Amino acid sequence: MAIQESDLKAGSWRGFMRGKWANSIDVKDFIDKNMTVYKGDQSFLAGPTEATVELWRMLSDLTRKERENGGVLDVDVHTVSTITSHAPGYIEQKKEKIVGLQTDAPLKRSVQPFGGIRMVMDACEAYGYKLPQEIVQLFTDIRKTHNQGVFDAYTSEMKTARKAAIITGLPDAYGRGRIIGDYRRVALYGVDRLMLEKKGDLLQLEVDSITEDIIQLREEISEQIHSLSELKQMASAYGYDISEPASNAAEAVQWLYFAYLGAIKEQNGAAMSLGRVSSFLDIYIERDLSDGILTEEAAQELIDHFVMKLRIVKFLRTPDYNELFSGDPTWVTESIGGMGLDGRARVTKNSFRFLHTLYNLGPAPEPNLTVLWSTQLPGGFKAYCAKVSAETSSIQYENDDLMRPYFGDDYGIACCVSAMRIGKQMQFFGARANLAKALLYAINGGVDEKLGIQVGPELAPLTSEVLVYEEVAEKFDTVMEWLAKLYVNTLNVIHYMHDKYCYERLEMALHDREIVRTMATGIAGLSVVADSLSAIKYAKVRPIRNEQGIAFDFAIEGEYPQYGNNDERVDAIAVQLTETFMTKIRKHQTYRGAVPTMSVLTITSNVVYGKKTGSTPDGRKAGEPFAPGANPMHGRDRKGALASLASVAKIPYEHCQDGISNTFSIVPKALGREEETRIENLVSLLDGYMANQGHHLNINVFDRAQLLDAMEHPEQYPQLTIRVSGYAVNFIKLTREQQLDVIHRTFHGTM
């Protein structure tokens, strides 16, 4: 439908260069026509205002109280969270330039039972709260939840595989997340225009043949329209009318934040990512700066206050969930930088402002600031990124040159490493399959080494004294065929039920009607399996069997090449593993025709996966953690930073389009003694890694001694931020076990 400019709030689009975006919903075209590329350095940046300092002091005090209270400050157990459920909440209303909280008070968590009532009950009880019986009854006897629907439809095989953790971390008891609403649309067009578009979609779906797909889509669009109406109500409660487009920078930030706030009030997703908003907002800021109605100090204050709100996003989650995803993460991922298809950098002054919040507010894990790195980015921006990384360890990097050909120049990162086009694509999140356990099934005839029961296909177990590579590889291939089919079928059940009982109304209202869906599978234990197969091939591996004939340990004679040292003998095994498993995944039919993808990503659950997996033929003992993501196993990458990076860069993105996570730690002196040298070396390292087709890199720059001290004196490190597998956490929020895992990782002392 064409947009009538006469219907817009007077002056909302003043000074903007028109294009396709003025007649149809097209945020990318708006950015293309109006963005101002910035090629300078950080010298223009402003420090925090008095209001910023005071608000952050208040929040820091509340955060300390939350930590002292066991991790949760307060829970509203009486109100089921919806877009309009809670009265307006403020930190200090007179000081806030951007307003809005999930509940009526900062850090107070809400209950969101549509994903599963049991998870909410367990989370409440874990922190000393009790859910009222009427809410329990409502979501047990009257209103079915996503979790109940899933377990009603699960097969016996699915339940057994879940229990054994051969597939695990599944979003069957919590919100799937990893859907990025195009929150920018609310600022650019206003809610009324978006509702008009959705009503037009409904009219277009009044077709002759009303099939199941059409019925489902018509109901979903109707729900989307309802959610947009509720979003207007929520904003109105704060005194704002978001029916029309934002007319200045302050409104643009506020409108966009309201859209995101509505999404997180309605959904407790595994990752509630923000998208790619910094350069979009810069267009409004540049206009206001040019018109003299905004100063640089005021512009930075807007971004500081916006980011402050993103930092205090909180969800009520169970201890089991927190064990899988440690550090209370929300994955409010904002993607910054990158290049345009027109050859211009998508770097603006606001790209710098977002990174500068790490100084004005101090380091923090949220929002999950992600730089879309290209070798073509302006030098001043590259240098500032490197400086911020070296001093805060709060940024992750993803290869824009690698992703842009797949996703164009208006994509964002969902969760940790997963790219998708904003407003045009969504993901069915699928956690991951445990390939290390699958290898043990190949050796033990499908019997689980921990449970002692048949879980995998009934194969003849390997009984030779020394494992033979060809025999193991053949059995392993059979197990992977079984696992790929079971995995996709399980995800089909989950996402059918999530759409039915826990549909993301508002997030999807900020998408086009016709979208690309992906089925995001994942693997854990890549380096464990690569090293295990290498040991079997190049050394002698003797299984040690118990009375039932299950191999519960392995003795290794001789040396074998280990992944992480740029040794093609073992790196080729890792590459083949990803290609093989992804090929098997692609064979199977997916819910709603979703395109299968795969990640090599574990979050911090590499520790939990290790707990649930027996000893493996690489020498790793039962219960020991896996390496995170695509990383080499701790301490095995002995040939320096560049060799380690080279091994990971070989994993093919073609077969891992959901992302390849690499978490990298280096001691400061390895980068150089002077700040300028450290910056130059870090920029060179990033350029080299990305040019070599590496996909993702978390960068930590610190000494192990600092982490050890933080373990003993947590009160002295309230904002110590570290990058883990695809996201960042406050180090002191990790469990002791997770902290030790981080400390035992390789800290590269040389390039």
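Contact means heavy atoms within 4.5 Å of each other. The model is predicted: local features need pLDDT of at least 70, side-chain atom pairs count only at pLDDT 80 or more, and totals for chains, interfaces and linings use all residues. Residues are numbered from 1 along each chain as its sequence is written, and side-chain values use heavy atoms, with hydrogens and water left out.

**Exercise 1. Describe the surroundings of Ser-243.**

Step 1. Set aside the neighbours within four places in sequence. Ser-243 is then in contact with Tyr-189, Gly-190, Val-191, Asp-192, Arg-193 and Lys-232.

Step 2. Place the residue. Ser-243 sits in the loop that links α9 (212–237) to α10 (249–266). Helices (H or I, at least four residues) and strands (E, at least two) are DSSP runs, numbered from the N terminus.

Step 3. Check exposure. Ser-243 has a relative accessible area of 7%, so it is buried. Buried means under 20% relative accessible area, exposed over 50%, and partly exposed in between (1.4 Å probe, protein chains only).

Step 4. Look for a polar partner. The side chains of Ser-243 and Asp-241 make a polar contact of 2.6 Å. Such a contact is a pair of N or O atoms within 3.5 Å; within protein, one must be able to donate a hydrogen and the other to accept it, and residues adjacent in sequence count only if both atoms are side-chain atoms.

**Exercise 2. Work out what holds the side chain of Asp-409 in polar contact, and where the residue lies.**

Step 1. Locate Asp-409. It lies in the loop between α16 (400–407) and β7 (411–414).

Step 2. Assign burial. Asp-409 counts as buried because its relative accessible area is 2%.

Step 3. List the polar links. The Asp-409 side chain meets the side chain of Lys-28 in a polar contact of 2.8 Å. The Asp-409 side chain also reaches the backbone nitrogen of Leu-341 at 2.8 Å.

Step 4. Complete the shell. Residues up to four places away are not counted; Asp-409 touches partners including Asp-32, Arg-276, Arg-346 and Arg-404.

**Exercise 3. Compare the surroundings of the two residues that UniProt annotates as "active site".**

Step 1. Name them. The unreviewed UniProt entry places this annotation on Cys-415 and Cys-416. UniProt positions are given in the numbering used here, feature names are shortened, and annotations may be inferred rather than shown by experiment.

Step 2. Place them. Cys-415 is in the loop between β7 and β8 (418–421). Cys-416 lies in the loop between β7 and β8.

Step 3. Assign burial. Cys-415 is buried because its relative accessibility is 4%. Cys-416 is buried because its relative accessible area is 0%.

Step 4. Read the contacts beyond four places in sequence. For Cys-415 they include Arg-178, Trp-331, Asn-368, Ile-603 and Gly-726. For Cys-416 they include Trp-331, Asn-368, Glu-398, Ile-603, Gly-726 and Tyr-727. Trp-331, Asn-368, Ile-603 and Gly-726 appear in both lists.

**Exercise 4. Find the backbone geometry to note at Pro-367, Ala-431 and Arg-592.**

Step 1. Take Pro-367. The peptide bond from Glu-366 to Pro-367 is cis, with omega near -10°. Pro-367 is in the loop between α14 (349–360) and β5 (368–373).

Step 2. Take Ala-431. Its phi is positive, about 55°, although Ala-431 is not a glycine. Ala-431 lies between β9 (425–429) and β10 (432–434), in a loop. Its relative accessibility is 1%, so Ala-431 counts as buried.

Step 3. Take Arg-592. It is not a glycine either, yet has a positive phi of about 55°. The loop between α21 (568–585) and β14 (595–600) holds Arg-592. With a relative accessible area of 25%, Arg-592 is partly exposed.

**Exercise 5. Summarise the whole chain.**

Step 1. Count elements. The protein chain has 27 helices and 20 strands.

Step 2. Test the overall dimensions. A compact globule of 751 residues would have a radius of gyration near 27 Å; the chain has 25 Å, which agrees. The radius is taken over C-alpha atoms, and the globule rule is 2.2 Å times the number of residues to the power 0.38.

Step 3. Gauge packing. Buried residues make up 65% of the 751. Among contacts with a separation of 6 or more, 78% join residues 24 or more positions apart.

Step 4. Add the annotated segment. The unreviewed UniProt entry gives "domain: Glycine radical" for residues 628–751. That stretch is 38% helix and 16% strand, with its end C-alpha atoms 21 Å apart.
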